[in-house]
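Here is a short guided tour for anyone who likes to look at a chain before planning bench work. Keep the viewer open and follow along, section by section.

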Amino acid sequence: MTTYTPEKLTRDEMAQQVAADIPAGAFVNLGIGQPTNVSNFLTADQGVTLHTENGMLGMGPVATGEDIDPDLINAGKIPVTELPGASFFHHADSFAMMRGGHLDVCVLGAFQISEAGDLANWHTGAEGAIPAVGGAMDLAIGAKQTWVMMSLFTKAGESKLVKELSYPVTGLGCVSRIYTEVAVFELRDSKVFVRSTHGVSFEELEARIPVTLERA
C-alpha cells in the first residue's frame, strides 16, 4: 500500500528513512554526497558496519568540532569518526570487498535511473564536465543491494527517473530502491512501485514522471 505524508522530506528525513531500512548487522557503503548523511542516523542497536572505499571498516558518523581528524576521512574527503573495532586496510583490499559481493547494501547518488534499474551517476556527458566514476561501478554491481538517494527532479524540472538512460551508464539493472524528497520507489521485475509519497499525490507523480508507476 502506498503511503502519503503532506510535506516533502528534508535531506535529514530522507537519510533517516534510509538508515531505518538498512537491515541489522549489514555491511554498508555510503556514497559521496547525500548518502554520507545516513551515518548520522544509524543506531548502535542496528549493528551496521560502514565501509569506505579508501580503506576502512567501522566508520562512524561525520566528525564535527574537536572530533575532526584531518587524517581520518571518507572517500568524499569528509572528516568522519571511527567506532570501536574499526579497521584500516589497503585500497586494493577495499575494492576486493566491493567487487567480491561482501557488501549487503550500497547507497549512491544519481543523475538518472531507468525504470529497469539502470544507473547513471558519474558523468552527464556535458562538455567540459570532469568525469568522476570513483568506485561507483564496483559498488553498483558488487553490492547485494544498490539504493539511491537523490532529488527526483533537475533544476529544470525534468525527472531523473526515466524510461531509458541518456547519460553514460554506471551499472545495468542494479538499482532496487530510490529515496527522494517526494517519493520512495522500489524497482523490481522491470516495474516501478511507489512505496510512499511526500507532499505530492500519486497522480501528480504520474503526470511528471515518464515511466509507468505502480502502487506498492
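## Surface and overall build

The chain has an accessible surface of about 10700 Å², and carbon and sulfur atoms account for 53% of that area. Please keep in mind as you read that this is a predicted model. Of the 216 residues in the chain, 46% count as buried.

Turning to secondary structure, the chain holds 4 helices and 14 strands. Its radius of gyration is 17 Å, close to the 17 Å that the globule rule gives for 216 residues, so the chain is as compact as a globular protein of that length. Taken along the principal axes, the C-alpha atoms fill a box of roughly 50 × 40 × 30 Å.

## Contacts and charges

How much of the contact network joins residues at least 24 apart in sequence? Among contacts between residues at least 6 apart, the share is 60%.

The chain carries 14 positive and 26 negative charges. The mean positions of these two groups are 6 Å apart.

## Strand E6 and its partners

Strand E6 covers residues 105-108, and both of its faces are covered. Val105 and Val107 point to one side, Cys106 and Leu108 to the other, and all of them are buried. This fits a general pattern: in a regular strand the side chains alternate between the two faces of the sheet.

Which strands pair with E6? Strand E2 (residues 27-30) runs parallel to E6 and is joined to it by 3 bridges, while strand E9 (residues 145-149) also runs parallel to E6, with 4 bridges between them. Val107 is a handy residue to click on here: Leu30 stands opposite Val107, and in E9 the bridge partner of Val107 is Trp147.

## Val148, a buried residue of E9

Val148 lies in strand E9. With a relative accessible area of 0%, Val148 is under the 20% cut-off and therefore counts as buried.

What does Val148 touch, leaving out residues up to four places away in sequence? Its contacts include Leu108, Gly109 and Ala110, then Ile113 and Leu119, and also Val175, Arg177, Ile178 and Tyr179. Leu108, one of these contacts, is also one of the buried residues of E6. Val18 is 130 residues away from Val148 along the chain, yet their C-alpha atoms are separated by 9.4 Å.

## A small mixed sheet

Three strands form an open sheet in the order E8-E7-E10, with mixed pairing. Strand E8 (119-120) and strand E10 (161-162) stand at the edges with a single partner strand each, so one side of each has no neighbour in the sheet.

Strand E7 (residues 112-114) pairs with E10 in the parallel sense, over 2 bridges. To find the match-up in the viewer, look for Ser114, which stands opposite Val162 in E10.

## Leu9 and Arg188

Leu9 sits in the loop between strand E1 (3-5) and helix H1 (11-21). Is Leu9 buried or exposed? At 13% relative accessibility, this loop residue counts as buried. Beyond its neighbours within four places in sequence, Leu9 is in contact with Met14, Gln17, Thr180, Glu181 and His198. Thr180 is 171 residues from Leu9 in sequence, while the two C-alpha atoms are 7.7 Å apart in space.

Arg188 belongs to strand E12 (residues 183-188). Its relative accessibility of 38% makes Arg188 partly exposed. Arg188 and Glu158 are 30 residues apart in sequence, and 23 Å lies between their C-alpha atoms.

## Two residues with positive phi

Most residues other than glycine have a negative phi. Where can you look for positive values in this chain? Lys77 has a phi near 65°, and Ser190 has one near 60°.

Lys77 is found in the loop between strand E4 (56-62) and strand E5 (80-88). Its relative accessible area is 69%, so Lys77 is exposed. Ser190 is in the loop between E12 and strand E13 (191-198), and at 58% relative accessibility Ser190 counts as exposed too.

Methods
Residues are numbered from 1 along each chain as its sequence is written. This is a predicted model: local features need pLDDT of at least 70, side-chain atom pairs count only at pLDDT 80 or more; totals for chains, interfaces and linings use all residues. Side-chain values use heavy atoms; hydrogens and water are left out. The radius of gyration is taken over C-alpha atoms; the globule rule is 2.2 Å times the number of residues to the power 0.38. Buried means under 20% relative accessible area, exposed over 50%, partly exposed in between (1.4 Å probe, protein chains only). Contact means heavy atoms within 4.5 Å. Accessible areas come from the Shrake-Rupley method with a 1.4 Å probe; for residues, only the protein chains shown count as cover. Lys and Arg count as positive and Asp and Glu as negative; His and the chain ends are not counted. The place of a charge is taken as NZ of Lys, CZ of Arg, CG of Asp or CD of Glu. Two strands pair if DSSP finds at least two bridges between them.
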